[in-house]
Amino acid sequence: MTDTQLLNPTRDDFAALLDEQLSGRDFGEGQVVHGRVVSVEKDFVIVDVGLKTEGRVPLKEFGQGEGASLPKAGETVEVYLERVENAMGEAVISREKARREEAWTRLEGVFEKGEPVMGAIVGRVKGGFTVDLGGASAFLPGSQVDIRPVRDIAPLMGKEQPFSILKMDRPRGNIVVSRRAILEEARAEQRTELVGQLQEGEVREGVVKNITDYGAFVDLGGIDGLLHVTDMSWKRVSHPSQVLAVGDTVKVQVIKINPETQRISLGMKQLQSDPWEGVEAKYPSGAKMSGRVTNITDYGAFVELEAGVEGLVHVSEMSWTKKNVHPGKIVSTSQEVEVVVLDVDSTKRRISLGLKQAQANPWEAFLEAHPIGSEVEGEVKNATEFGLFIGLDNEIDGMVHLSDIDWNTPGEEAIQRYSKGEMVKARVLDVDIDKERVSLGIKQLGGDPMEGDTFRKGQTVTVTVTAIESGGIEVRFGDENAPATAFIRKSDLSRDRAEQRPERFAVGDRVDALITAIDKASRRISVSIKALEMAEEKEAVEQFGSQDSGASLGDILGAALREKQGSKD
């Protein structure tokens, strides 16, 4: 450039000079730039950021207290350039924001690599704590402070320690860190090392750290194992607190190790002798034993025969007579009972017991006291569509089938004569001990009127009127316990047509009639008053008169009636 050009620069010349002056410098708003300390005043540090532009940085941003390193005139420092020039012609710069930007850049690199970062907890905020990561502030959620809840955070405050960065959002200025992740990683490494040292079947001592409903966690020296409630004792344990307490030192055996999940299963009962060894010899089928009820369920009750050996009394084996009753209404917890061994499966560790088998079979006792054919009396418990149930001895019921209620009346009609609670007599027809059934019969109390020669054709019987109908009358006759019934049609009520009127009879009237037919297959007996009158007339004619005697029918019948009356007297 010539001297003339230097004295009279053009706009292009000025732009070129400016570019030459700024070339190689990190100069721009919103960036971290290098500046030269011009002077250090009482509260501010004057920094030249170039272009004859100076800015003031509060002295406290360079550090406070003992050990703080304050800048000196002529030193180069990094500051954050917010504005090149404010209203007073000064640059707006910040040392603290420069440190923050520097920290963000460093932390982003650490976050990408997944490495831990050092920091210190400096304050408490809602939901967690504030952590200083060397110029950048981060949020530490309360759940990420430790593996277990921390009651007192004071020992951790201000202490430099490693943290893991969970999340970074530079535009919003958010960083979320976790101390728990670091501890879990360290514990996982330690756990892996310890798991490698353990062997299945090994016996170790440990300390009970926690108790749950399903077991207890035991510390084996840096690694926890689960002692399940079923592995604490051979006998039934309702809750782990019955056997252990937090802080107890216990001797356990390593049952199983899962290398993938690093879960360790422990056992205490494995260090004791197995009570199920030789159980089949100790408890043979059919043996009567004593035991204690330990647990009651909907399907039965568990009875302890000895420590660690329990058997199940199924609800169906609890009572001979109480079928649909909850086991809790038959036995109670801790009750001493006598049971009979029904079956033993040592492989599945199951023993089937019977409570009712230890008691007398009520059906056998009933058959002994009431043999088949004997007469019993009981209360009507229920009437169903197929018969009557009658309560008998020892809380058992007997059934009278519809067909065994009455000889002549259909069962559906005969059952209507009985009501619940009524006392009735019946005869024992059959006792099935295996099926637990007693068959009874009411009609068998009297003989079958259709059997034998109780009634025969041509026999005169005295009948009792039981019902009056338009077409005739219903009558009953024979043994009161097993009466026969018949229907006398209107045309059979009299030989005189004028007297063939059902209404001239009344219920309860007793009249003589002649049996005209017996059908045992259909259980029907036909009787007729008309036939009896005609038979008596024929007999009178044969005895007291003849066709050429000259006597009138009135005379003959009169003599027959007088003789009949005399024989009655």
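**Rings, strands and a pocket**

Biologist: At 42% relative accessibility, how does Tyr 214 count?
Modeller: This is a predicted model, and Tyr 214 has a relative accessibility of 42%. Buried would need a value under 20%, and exposed one over 50%. Tyr 214 therefore counts as partly exposed.

Biologist: How many aromatic pairs does the structure hold, and what is the geometry of Tyr 214 and Phe 217?
Modeller: The structure has three aromatic pairs. In the pair of Tyr 214 and Phe 217, the ring centres are 6.5 Å apart and the planes stand at 85°. Planes over 60 degrees apart count as edge-to-face. So the pair of Tyr 214 and Phe 217 is edge-to-face.

Biologist: And Phe 217 itself, how does that residue count for accessibility?
Modeller: Phe 217 has a relative accessible area of 26%. The buried class stops at under 20%, so Phe 217 is partly exposed.

Biologist: Which residue forms an aromatic pair with Phe 386?
Modeller: The pair is edge-to-face, with 6.0 Å centre to centre and 85° between the planes. Phe 386 is partly exposed at 37%, and its partner is partly exposed at 24%. That partner is Phe 389.

Biologist: Let's move to the sheets. In what order do the strands of the closed barrel run?
Modeller: The barrel has five strands with mixed pairing. Its neighbouring strands are turned by 55° against each other on average, direction ignored. The order is 11-12-13-15-14.

Biologist: Which residue in strand 15 is the bridge partner of Val 254?
Modeller: Strand 14 covers residues 249-258, and strand 15 covers residues 263-267. The two pair in the antiparallel sense over five bridges. Opposite Val 254 in strand 15 is Leu 266.

Biologist: Why is strand 2 described as largely enclosed by the rest of the structure?
Modeller: Strand 2 takes in residues 44-48, and buried means under 20% relative accessible area. Strand 2 is largely enclosed because, of its five residues, the number buried is four.

Biologist: Which residue of strand 3 is the bridge partner of Phe 44?
Modeller: Strand 2 pairs with strand 3 (residues 54-58) in the antiparallel sense, over five bridges. In strand 3, the partner of Phe 44 is Pro 58.

Biologist: Which are the edge strands of the open sheet?
Modeller: The open sheet has five strands in the order 28-27-26-29-30, with antiparallel pairing. An edge strand here pairs on one side only. The edges are strand 28 and strand 30.

Biologist: What stands opposite Ala 517 in strand 30?
Modeller: Strand 29 (residues 510-519) and strand 30 run antiparallel, joined by five bridges. Across from Ala 517, in strand 30, is Ser 526.

Biologist: Which strand gives the most to the lining of the largest pocket?
Modeller: Strands 26, 27, 28 and 30 each supply at least two residues of that lining. The top contributor gives five residues and is strand 30.

Biologist: How do the lining residues of the largest pocket divide?
Modeller: The lining has 33 residues, with Asp 406, Asn 408, Thr 409, Pro 483 and Thr 485 nearest the centre of the pocket. They split into twelve nonpolar, nine polar and twelve charged.

Biologist: Last one: what volume does the largest pocket have?
Modeller: Rolling a probe the size of a water molecule over the atoms shows where empty space is left. For the largest pocket, the volume comes to about 930 Å³.

Note on methods: Residues are numbered from 1 along each chain as its sequence is written. This is a predicted model: local features need pLDDT of at least 70, side-chain atom pairs count only at pLDDT 80 or more; totals for chains, interfaces and linings use all residues. Side-chain values use heavy atoms; hydrogens and water are left out. Two strands pair if DSSP finds at least two bridges between them. Axes are lines fitted to C-alpha atoms, for helices over the stretch in contact, and angles run from 0 to 180 degrees between N-to-C directions. On a 1 Å grid over the protein atoms alone, a cavity is a set of points where a 1.4 Å probe fits but cannot get out, and a pocket is an open set with protein on both sides within 12 Å along at least five of seven lines; lining residues have an atom within 4 Å of a point. Grid points are joined across faces, edges and corners, and a volume is the space filled by probe spheres set on the points. Ala, Val, Leu, Ile, Met, Phe, Trp, Tyr, Cys and Pro count as nonpolar, Asp, Glu, Lys and Arg as charged, and the others, Gly among them, as polar. Rings of Phe, Tyr and Trp (its six-membered ring) pair if their centres lie within 6.5 Å; planes under 30 degrees apart count as stacked, over 60 as edge-to-face and the rest as tilted. Buried means under 20% relative accessible area, exposed over 50%, partly exposed in between (1.4 Å probe, protein chains only).
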